[in-house]
Amino acid sequence: MAERRNYKGVGDALGQMVRREGVRSLWRGSALTVNRAMIVTASQLATYDQAKEAILRKGLMPDGLPTHVAASFTAGLVAAVASNPVDVVKTRVMNMKVEKGAPPPYAGALDCALKTMRAEGPMALYKGFIPTVSRQGPFTVVLFVTLEQVRAILKDF
């Protein structure tokens, strides 16, 4: 309860943030959000292609829906492993309270990661991993299965 900010609405939240923490506080964590998106996308794309190729090369399954589902879930799992530390740091940086005139709790993303690992151990960067996989796994399966279906439809064009 002591950590709640009790905003009355979006306008009140924006106004209080600007007054208390300055205009730059509105973009706190945005660079980390972009970095996380790049990590998720790069790891999904690379892993999907590699996993699908490995499944087909080893003859584990024929090219079809089961192969696409297996490769995509693998891609979602790898994306979760790669992005979770950035997600934890991003959330902590975005949620930190900075009062005018007082030093912020974290000097940046690296400082936040190091302080988190020192205080809670390295596995603290994987807090929320199961919900992340539970969200990213199915999303990635839908994404790549849809991609394969669209490829099949458009291959003759």
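**Salt bridges and a nonpolar surface patch**

Arg 151 and Glu 148 are three residues apart in helix α5 (residues 129–154), and therefore about one helical turn separates them. In this predicted model, the two residues form a salt bridge in which the closest N and O atoms are 3.3 Å apart. The partners are unlike in their exposure: Glu 148 is buried, with a relative accessible area of 9%, whereas Arg 151 is partly exposed, at 42%. Glu 148 is classed as buried because its value falls under the 20% limit. Salt bridges that share partners also occur, and they join Arg 36, Asp 87 and Lys 90 into one network.

A search of the whole structure gives eight salt bridges. Among them is the pair formed by Glu 53 and Arg 57, whose closest N and O atoms are 3.3 Å apart. Both residues belong to helix α2, where they are four residues apart, about one turn of the helix. Glu 53 is partly exposed, with a relative accessible area of 43%, while Arg 57 is exposed, at 57%. The class of Arg 57 follows from the cut-off, because exposed residues are those over 50% relative accessible area.

Glu 120 and Lys 127 form another salt bridge, with the closest N and O atoms 2.6 Å apart. Glu 120 has a relative accessibility of 37% and counts as partly exposed. Lys 127 likewise counts as partly exposed, with a relative accessibility of 47%. Because partly exposed residues lie between the limits of 20% and 50%, both partners of this bridge fall in that class.

Apart from these charged pairs, the surface carries a nonpolar patch formed by Val 10, Leu 14, Val 23, Leu 26 and Trp 27. Together, these side chains have about 500 Å² of accessible area. One of the members, Leu 26, lies in the loop between α1 (10–21) and α2 (30–57). Leu 26 is partly exposed, with a relative accessible area of 32%. This value meets the requirement for patch membership, because patches are made of residues with over 30% relative accessible area.

Note on methods
Residues numbered from 1 in each chain as written. Predicted model: local features only at pLDDT ≥ 70, side-chain atom pairs only at ≥ 80, totals over all residues. Heavy atoms only, no water. Patch = residues over 30% accessible without salt bridge, like charges linked within 9 Å, V, L, I, M, F, W, Y side chains within 5 Å. Areas by Shrake-Rupley, 256 points an atom, 1.4 Å probe, with all protein chains shown as cover. Salt bridge = Lys/Arg side-chain N within 4 Å of Asp/Glu carboxyl O. Helix = DSSP H or I, 4+ residues; strand = E, 2+ residues; numbered from the N terminus. Buried < 20%, exposed > 50% of the residue type's maximum accessible area, 1.4 Å probe, protein only.
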